[in-house]
Amino acid sequence: MKVILINGSPHENGSTRAALDDIIEELQDNRIETKLYWVGMKAVHGCIACGKCNETHRCIFNEDIVNEVLDDMDHADGIIVGTPTYYAGANGTLECIMDRLFYAGNNFAHKPAAAIAVARRAGTNAAIDDLTKYFTISQMPLATSVYWPMEFGGNAEQTREDAEGRYVMKRLGANMAWLLKCIDAGKKADIRPPKDTGDRPWTNFIR
Ligand SMILES: Cc1cc2nc3c(=O)[nH]c(=O)nc-3n(C[C@H](O)[C@H](O)[C@H](O)COP(=O)(O)O)c2cc1C
């Protein structure tokens, strides 16, 4: 079983990475494979609504991690996304990536997911809610913890001193591992996710 993690910070080894590392450790202790992606520091394109991904399930822009993550999601069993809090929301670069990832992807449904946020002081709940919406519109069960998954600190060193935040991340990792094992046991017992009936009405509210 494999979980993909995305570090949505321009700091490769900053606070977000520190928080994700606690989750990774717990997942690996539970014999879950992990793959960590980093959004990097280069400019990232937003979605231009070209619609090409409706046919290909990949994005026309190849310069960042979007298509790599989409390829990997074909085989991965879950995903965890971490962001630094920017103006009480997720980092804009990560939002661009998430828009394109979820608009293009057809391989997210029924895979557990979680969003975590770090901040110096405030806004983490809004950032987590923001990212969680990608999962809840995509039939993804949420892995949760004993508190909303946030850690505080202005840099990695400070964040590592947030003992309660670190505990929360570890519980999140353990709960994600447990969910994956339950789903795997379900598959072995022939319990499969419900299939889409294919007769969904598509209504735009124009009046
Ligand atoms: C553009 C920008 C906006 C920020 N907005 C907030 C904020 O709203 N609340 C907060 O507590 N910290 C804010 N911060 C601080 C970061 O969230 C904090 O330093 C975090 O630890 C950075 O994580 P990183 O090391 O993974 O990048 C902001 C930082 C930047 C660069």
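Trainee: Why is Tyr147 counted as partly exposed?

Mentor: In this predicted model, the relative accessibility of Tyr147 is 42%. Buried means under 20% and exposed means over 50%, with partly exposed in between. The value of 42% falls in between, so Tyr147 counts as partly exposed.

Trainee: What makes the aromatic pair of Phe102 and Tyr134 tilted?

Mentor: The structure holds four aromatic pairs. In the pair of Phe102 and Tyr134, the rings lie 5.5 Å centre to centre, with 50 degrees between the planes. Centres within 6.5 Å make a pair, planes under 30 degrees apart count as stacked and those over 60 as edge-to-face. An angle of 50 degrees fits neither of those two classes, so the pair of Phe102 and Tyr134 is tilted.

Trainee: Which parts does that pair tie together?

Mentor: Phe102 belongs to helix 4 and Tyr134 to helix 5 (residues 124-136), so the pair ties together parts that are 32 residues apart in sequence. Both Phe102 and Tyr134 are buried. Together with Phe108 and Phe135, they form one aromatic cluster.

Trainee: What makes the pair of Tyr147 and Trp148 edge-to-face?

Mentor: The planes of Tyr147 and Trp148 are 65 degrees apart, at 5.4 Å centre to centre. The cut-off for edge-to-face is over 60 degrees, so this pair meets it.

Trainee: How do you know that strand 3 is largely enclosed by the rest of the structure?

Mentor: Seven of the seven residues of strand 3 (residues 78-84) are buried, so the strand is largely enclosed. In a regular strand the side chains alternate between the two faces of the sheet. Here both faces are covered: Gly78, Ile80, Gly82 and Pro84 are buried on one side, and Ile79, Val81 and Thr83 on the other.

Trainee: Why is strand 3 said to pair with strand 1 and strand 4?

Mentor: A pair of strands needs at least two bridges. Strand 1 (residues 2-7) is joined to strand 3 by five bridges, and strand 3 to strand 4 (residues 113-119) by six. Both counts meet the cut-off, so strand 3 pairs with each of them. Strands 1 and 3 run parallel, as do strands 3 and 4. Ile6 stands opposite Val81 in strand 3, and Ile80 opposite Ala114 in strand 4. From strand 3 the chain passes through helix 4 to strand 4, in a right-handed β-α-β crossover.

Trainee: Which residues lie closest to the centre of the largest cavity?

Mentor: One cavity of 30 Å³ or more is counted, and the largest cavity has a volume of about 90 Å³. Closest to its centre, among 13 lining residues, are Cys47, Cys50, Cys53, Cys59 and Arg100. Helix 4 gives the largest share of the lining, three residues. By class, the lining has ten nonpolar, one polar and two charged residues.

Trainee: How many residues of each class line the largest pocket?

Mentor: Seven are nonpolar, eight polar and two charged. The volume of the largest pocket is about 700 Å³. Its 17 lining residues include Phe102, Gly105, Ile137, Ser138 and Arg200, which are the closest to its centre. Three lining residues, the largest share, come from helix 4 (residues 92-104).

Trainee: What lines the second largest pocket?

Mentor: The second largest pocket has a volume of about 520 Å³ and 19 lining residues, with Ala109, His110, Ile183, Arg192 and Pro193 nearest its centre. Its lining has nine nonpolar, three polar and seven charged residues.

Conventions: Residues numbered from 1 in each chain as written. Predicted model: local features only at pLDDT ≥ 70, side-chain atom pairs only at ≥ 80, totals over all residues. Heavy atoms only, no water. 1 Å grid on protein atoms, 1.4 Å probe; cavity = no way out; pocket = protein on both sides within 12 Å on 5 of 7 lines; lining within 4 Å. Points joined across faces, edges and corners; volume = space filled by probe spheres on them. Helix = DSSP H or I, 4+ residues; strand = E, 2+ residues; numbered from the N terminus. Nonpolar A, V, L, I, M, F, W, Y, C, P; charged D, E, K, R; others polar. Phe/Tyr/Trp six-rings, centres within 6.5 Å; stacked < 30°, edge-to-face > 60°. Buried < 20%, exposed > 50% of the residue type's maximum accessible area, 1.4 Å probe, protein only. Right-handed = clockwise from strand over helix to strand, strands pointing away.
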